[in-house]
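I opened this notebook to keep track of what I looked up, one topic per entry. The salt bridges come first, and the pocket comes later.

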Amino acid sequence: MYSLLNLIDTILNLYKWCLIIYVILSWLISFNVLNTYNRLVFTANDFLYKITEPALRPIRKVIPSLGGIDVSPVVLILIIHFVQNLMHEYGM
């Protein structure tokens, strides 16, 4: 059981990093620091969008955009952190 919880914890950590990288990448694209015509930037952004959007979409339906600022990644990171704390407290 410990190995399974450790694997889930590792996957959740990787997902949090993907969310952070996706947010930073979207900022860099929005401020024209990176160009999506670059194939590597486009591929990375597309991959991160596809793995983060299914989890962010339900949060965006509940929490509206606050003046153009999307807080759904922050909410999702807090939820993941809460689940990890529960796993550490009760499972590990």
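**Entry 1, salt bridges.** I began with the charged side chains and counted four salt bridges. I note here that the model is a predicted one, so I read every value below as computed from that model.

I looked up Lys-50 and found that its side chain meets that of Asp-46 in a salt bridge, at 3.3 Å from N to O. Both Lys-50 and Asp-46 belong to helix H2, where they sit four residues apart, about one turn of the helix. Are these two partners buried or exposed? Lys-50 has a relative accessible area of 56%, over the 50% cut-off, and therefore counts as exposed, whereas Asp-46, at 29%, counts as partly exposed.

**Entry 2, the bridges of Glu-53.** I then turned to Glu-53, whose side chain meets that of Arg-57 in a salt bridge of 3.9 Å, N to O. This pair, too, lies in helix H2, with four residues, about one turn of the helix, between Glu-53 and Arg-57. Glu-53 also forms a salt bridge with Arg-60, and here the closest N and O atoms are 2.6 Å apart. Which residues are joined into one network by salt bridges that share partners? I found Glu-53, Arg-57, Arg-60 and Asp-70 in it.

I checked the accessibility of three of these residues as well. Glu-53 counts as buried because its relative accessibility of 8% is under 20%. Arg-57 is partly exposed, with a relative accessible area of 43%, and Arg-60 is also partly exposed, at 28%.

**Entry 3, Thr-52.** My next residue was Thr-52, which is placed in helix H2. What is its relative accessible area? The value for Thr-52 is 0%, so I entered this residue as buried. A polar atom of the Thr-52 side chain lies 2.6 Å from the backbone oxygen of Leu-48. Leaving aside residues up to four places away in sequence, I found that Thr-52 touches Tyr-15, Cys-18, Leu-19 and Tyr-22.

**Entry 4, the largest pocket.** I then looked up the largest pocket, and its volume came to about 310 Å³. Its lining is made up of 14 residues, and those that lie nearest the centre of the pocket are Val-23, Ser-26, Trp-27, Asp-70 and Pro-73. The elements that give two or more residues to this lining are helix H1 (2-30), helix H2 (39-62) and helix H3 (72-91). Which element gives the largest share of the lining? I found that H1 does, with five residues. Sorted by class, the lining has 10 nonpolar residues, together with two polar and two charged ones.

Asp-70, listed here among the residues nearest the pocket centre, is also a member of the salt-bridge network that I noted in the second entry.

**Entry 5, Pro-73.** I closed with Pro-73, another of the residues nearest the pocket centre, which lies in helix H3. Pro-73 has a relative accessible area of 9% and is buried, because this value is under 20%. Which residues does Pro-73 touch, if residues up to four places away in sequence are not counted? Its contacts are Val-23 and Leu-56, and Val-23 is itself listed among the residues nearest the centre of the pocket. I also noted Tyr-22, which is 51 residues from Pro-73 along the chain, while the C-alpha atoms of the two are separated by 9.3 Å. Tyr-22 had already come up in the third entry as a contact of Thr-52.

Note on methods:
Residues are numbered from 1 along each chain as its sequence is written. This is a predicted model: local features need pLDDT of at least 70, side-chain atom pairs count only at pLDDT 80 or more; totals for chains, interfaces and linings use all residues. Side-chain values use heavy atoms; hydrogens and water are left out. On a 1 Å grid over the protein atoms alone, a cavity is a set of points where a 1.4 Å probe fits but cannot get out, and a pocket is an open set with protein on both sides within 12 Å along at least five of seven lines; lining residues have an atom within 4 Å of a point. Grid points are joined across faces, edges and corners, and a volume is the space filled by probe spheres set on the points. Ala, Val, Leu, Ile, Met, Phe, Trp, Tyr, Cys and Pro count as nonpolar, Asp, Glu, Lys and Arg as charged, and the others, Gly among them, as polar. Buried means under 20% relative accessible area, exposed over 50%, partly exposed in between (1.4 Å probe, protein chains only). Contact means heavy atoms within 4.5 Å. A polar contact is a pair of N or O atoms within 3.5 Å; within protein, one must be able to donate a hydrogen and the other to accept it, and residues adjacent in sequence count only if both atoms are side-chain atoms.
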